[in-house]
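This report looks at how the helices of one model pack together and at the aromatic and charged side chains around them. The sequence and structure come first, and the reading follows.

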Amino acid sequence: MSFKTLLAYQKGFDLAMEIFHLTKSFPKSEMFGLTSQMIRSSRSVCSNIAEGYRKRQYEKHFMSKMSDADSENSETQLWLDFALACDYISEEKNKELIVKAMK
């Protein structure tokens with residue numbers, strides 16, 4: 001079995017790609033700020049799941065990576081709130097993506 005078959009990985013990957021496409025419309029002045037942070041943290045969720053899956057026989061390492069994935073997911077939600085506060089996304093879009101991040 002591959003980490004790619006994990007539902008958490010698939011949902012995280014889909015959310016990361018949606019955020020990537022969404023941030024293309026952000027101002028260029030945010031390229032090295034909010035845009036970069038949102039893309040990085042959302043991709044890191046999947047990355048940590050993949051790394052943890054490969055080391056799943058080592059329970060402490062696996063749990064550490066799952067904790068890291070959860071932390072990165074929380075960070076992604078924070079950046080979505082900043083995007084809303086900066087009027088880069090609508091309240092509806094923010095809620096939609098937050099719900100996806102929490103599932």
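In this predicted model, helices α1 and α2 are roughly antiparallel to each other, because an angle over 145 degrees counts as such and their axes cross at roughly 165°. Those axes, belonging to α1 (residues 7-23) and α2 (residues 31-54), come within 9 Å, and the crossing is left-handed. On the α1 side the contact is made by Ala 8, Tyr 9, Gly 12, Phe 13, Ala 16, Ile 19, Phe 20 and Thr 23, while α2 contributes Thr 35, Met 38, Ile 39, Ser 42, Arg 43, Cys 46 and Ile 49.

Two of these α1 contact residues, Tyr 9 and Phe 13, also belong to an aromatic cluster that is completed by Phe 3. The structure holds four aromatic pairs; in one of them, the rings of Phe 3 and Tyr 9 have their planes at 80°, so this pair is edge-to-face. Both Phe 3 and Tyr 9 are buried.

Lys 4 lies in the segment before α1 and, at 51% relative accessibility, counts as exposed. Leaving aside residues up to four places away in sequence, Lys 4 touches Tyr 9 and Gln 10. Lys 4 is also 45 residues from Ile 49 in sequence. A further aromatic side chain, Tyr 53, has the charged end of Arg 56 sitting over its ring.

The distances for these residue pairs are listed below.

| Residues | Distance |
|---|---|
| Phe 3 and Tyr 9 | 5.0 Å, ring centre to ring centre |
| Arg 56 and Tyr 53 | 3.9 Å, charged end to ring centre |
| Lys 4 and Ile 49 | 9.5 Å, C-alpha to C-alpha |

Definitions and conventions: Residues are numbered from 1 along each chain as its sequence is written. This is a predicted model: local features need pLDDT of at least 70, side-chain atom pairs count only at pLDDT 80 or more; totals for chains, interfaces and linings use all residues. Side-chain values use heavy atoms; hydrogens and water are left out. Rings of Phe, Tyr and Trp (its six-membered ring) pair if their centres lie within 6.5 Å; planes under 30 degrees apart count as stacked, over 60 as edge-to-face and the rest as tilted. Buried means under 20% relative accessible area, exposed over 50%, partly exposed in between (1.4 Å probe, protein chains only). A charge sits over a ring if NZ of Lys or CZ of Arg is within 6 Å of the ring centre and within 35 degrees of the ring normal. Axes are lines fitted to C-alpha atoms, for helices over the stretch in contact, and angles run from 0 to 180 degrees between N-to-C directions. Helices (H or I, at least four residues) and strands (E, at least two) are DSSP runs, numbered from the N terminus. Angles under 35 degrees count as roughly parallel, over 145 as roughly antiparallel, 65 to 115 as roughly perpendicular and the rest as oblique. A crossing is left-handed if the near helix is turned anticlockwise from the far one by less than a right angle, and right-handed if clockwise. Contact means heavy atoms within 4.5 Å.
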